[in-house]
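Student: I would like to learn how to read a protein model. Could we go through this one together, a question at a time?

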Amino acid sequence: MAYTRIHAVKSTVTKAVKYICNPDKTEENLLVDTFGCGIDTAGHDFQYALSRTNPADKNLAYHLIQSFAKGEVSHEEAHRIGIELADKLLGGKYSYIVATHTDKGHPHNHILFCAADNINHKKFNDCKKSYYHIRELSDELCKEHNLSIIIPSGRKGKKYTEWKAEQEWTSWKKQLQADIDECIKASKSYEEFLRLIREKGYTVSGENIGDPRSKYIKFKAPGQERFVRGSFRNFGAGYTKEEIKERIENPEKWISQEQPQPEKKAESQERQKPRIKIPKKDIITRTGASRTLIDTSSEKFQNSPGLQHWASVKNLKTVAASYAAAENLSDLHKQIDEKAAEAKSARTELVELEHKMKDVAELLHYAEQYRDNRPYQLKYKKSKDPDRYLRMHETQLILYDGAERMLHQMGLDPKSINAEEIRADYESIQIKKVELEKKYKAAEKTVKTLEQKLTNVEQYLGKTDNDLNPQHKKDPLKR
């Protein structure tokens, strides 16, 4: 499995580069790869891209760390996964450095990338959505490399440690809420409540009602690091200092305000039409364009002829719709194979196109960098005071030398390159990529729909798992 975390670099890129590219931690930089920049010139390369974007955003770069479990992957494979993650996340638009450290007990990648992209000159959008996207990409790569992944709990809005504590009934908030309720019931005044809650070991702050300096009453249990506010967000209604006092002094009024009248509740229940309750575990909603069959083997279906009849009719309609997709089962198998082959072909072509886009993006970056900084090189050669001119325009001259060197390494003559033509080529490739992505997703969706229809028909005909064609028990996209 791989854990990921990311933070912005706001001050000096050079220090971050020096840290992640430490030769003692990267096998003398054998485990360091760059794209769109150099190890020694990354600060200047990043600044060149940042100079073409909105200066209001102060983020210079982002430092992404990808850590693997101890003994699960070699440092070389971890490094390859880091490069793949950088390519998938940044799409060949952002300059980056990937460095794999070997100094800890577990392999971990440091991915430092510029906050501004080299193609559209936009800043990287760092938000919760982008973080979850990074985690999903990392998990996908771990699956491809047969590594374990972190299985999400399915709960939202809470940290794992807090969720786990609640599951074990040891949550600070749960325990505090129970203690507050107990002290309210045992108190005859707000002052007595404060005394009782303190006797339980809690430290109380902001308890004075009407104090303009403290809006909320706050509690801290022994061993707890931070105070917990008595607020609606933490506990719901009834836990601010004013509400606690009202619950003590007017318990009947508070209960009547919070709970609905029994007569109204009963009246609303009478107006409701009776309906058959179907267990949620027995019904699976639509998957893609087809519905799965309803499992009628449970006791509730067996003891209810009406419910069983309803489910049988539904299943019959579902199977009829599924069977209508083909003349027979062999035809349905054939359709799945054809669409799976189409999706696989589109995926292969898409991967090849992404590699080509990365190469063209790097070429475009250095072509524009060479073009924009060449005037400084020409003036430097003609300058009457070269040393002074070098001090004034050191960054531009370094960028020029770096771009020229990289273009020569690509086997190209920098003077004969047209940056506008390269950009036009890149944009045409980008259009083709969008079309291929649509084709791949459509084929993949069709395969899943046909697979579900095939499953419906085979289940309805009474086939067991052993009777199914072994080839079609697997994901056809991975065959």
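Student: On strand S4, which residues lie on one side and which on the other, and are they buried or exposed?
Tutor: Keep in mind that this is a predicted model. Strand S4 spans residues 96–101, and both of its faces are covered. On one side are Tyr96, Val98 and Thr100, on the other Ile97, Ala99 and His101, and every one of these is buried.

Student: How many of the residues of S4 are buried, and what does that say about the strand?
Tutor: Buried here means under 20% relative accessible area. Six of the six residues of S4 fall in that class, so the strand is largely enclosed by the rest of the structure. The count you asked for is six of six.

Student: In what order do the strands of the sheet come?
Tutor: S4 belongs to an open sheet of five strands, paired in the antiparallel sense. From one strand to the next, the twist averages 15°. Reading across the sheet, the order is S1-S3-S5-S4-S2.

Student: Which strands stand at the edges?
Tutor: An edge strand has a single partner strand, so one side of it is left without a neighbour in the sheet. That applies to two strands here, S1 (2–9) and S2 (32–35).

Student: Which residue of S4 is the bridge partner of Phe35?
Tutor: S2 and S4 pair in the antiparallel sense, with four bridges between them. Within S4, the partner of Phe35 is Tyr96.

Student: What do S4 and S5 form, and how many residues are between them?
Tutor: These two strands run antiparallel and are joined by six bridges. One pair to look for is Thr100, which stands opposite Asn109 in S5. S4 and S5 form a hairpin, and the number of residues between them is six.

Student: Which residue in S5 is the bridge partner of Leu64?
Tutor: S5 also runs antiparallel to S3, and seven bridges join them. In S5, Leu64 has as its bridge partner Ile111.

Student: Are the residues of S3 buried or exposed?
Tutor: Ala61, His63, Ile65 and Ser67 point one way from S3, while Tyr62, Leu64, Gln66 and Phe68 point the other way. Eight of the eight residues of S3 are under the cut-off, so this strand is largely enclosed by the rest of the structure. Whichever way they point, these residues are all buried.

Student: Over how many bridges do S1 and S3 pair?
Tutor: You can follow this pairing through two examples. Val9 stands opposite Ala61 in S3, and Thr4 stands opposite Gln66. S1 and S3 (residues 61–68) are antiparallel, and the number of bridges is eight.

Student: Which helix packs on the sheet, and what angle does its direction make with that of S5?
Tutor: Look for the helix of residues 13–20, which touches S1, S3, S4 and S5. This is helix H1, and its direction makes an angle with that of S5 of about 155°.

Student: Is Asn59 buried or exposed?
Tutor: Asn59 is found in the loop between helix H2 (42–50) and S3. Leaving aside neighbours within four places in sequence, its contacts include Ala8, Val9, Leu50 and Lys123. Its relative accessibility is 9%, so Asn59 counts as buried.

Student: How does Gly91 count at 32% relative accessibility?
Tutor: Gly91 is in the loop between H3 and S4. Not counting residues up to four places away in sequence, Gly91 touches Ala86 and Tyr426. Gly91 and Lys358 are 267 residues apart in sequence, yet 7.0 Å apart in space, C-alpha to C-alpha. The class between buried and exposed runs from 20% to 50%, so at 32% Gly91 counts as partly exposed.

Student: How many residues line the largest pocket, and what is its volume?
Tutor: Gly91 appears here again, since Lys88, Leu89, Gly91, His133 and Lys433 lie nearest the centre of this pocket. The lining has 39 residues, and the volume is about 1,300 Å³.

Student: Which helices each supply at least two residues of that lining?
Tutor: By class, the lining has 13 nonpolar, eight polar and 18 charged residues. The helices are H3 (75–90), H4 (128–144), H14 (329–382) and H17 (419–460).

Student: How many helices and strands does the protein have?
Tutor: Of its 479 residues, 40% count as buried. The secondary structure comes to 17 helices and eight strands.

Technical notes: Residues are numbered from 1 along each chain as its sequence is written. This is a predicted model: local features need pLDDT of at least 70, side-chain atom pairs count only at pLDDT 80 or more; totals for chains, interfaces and linings use all residues. Side-chain values use heavy atoms; hydrogens and water are left out. On a 1 Å grid over the protein atoms alone, a cavity is a set of points where a 1.4 Å probe fits but cannot get out, and a pocket is an open set with protein on both sides within 12 Å along at least five of seven lines; lining residues have an atom within 4 Å of a point. Grid points are joined across faces, edges and corners, and a volume is the space filled by probe spheres set on the points. Ala, Val, Leu, Ile, Met, Phe, Trp, Tyr, Cys and Pro count as nonpolar, Asp, Glu, Lys and Arg as charged, and the others, Gly among them, as polar. Two strands pair if DSSP finds at least two bridges between them. Axes are lines fitted to C-alpha atoms, for helices over the stretch in contact, and angles run from 0 to 180 degrees between N-to-C directions. Contact means heavy atoms within 4.5 Å. Buried means under 20% relative accessible area, exposed over 50%, partly exposed in between (1.4 Å probe, protein chains only).
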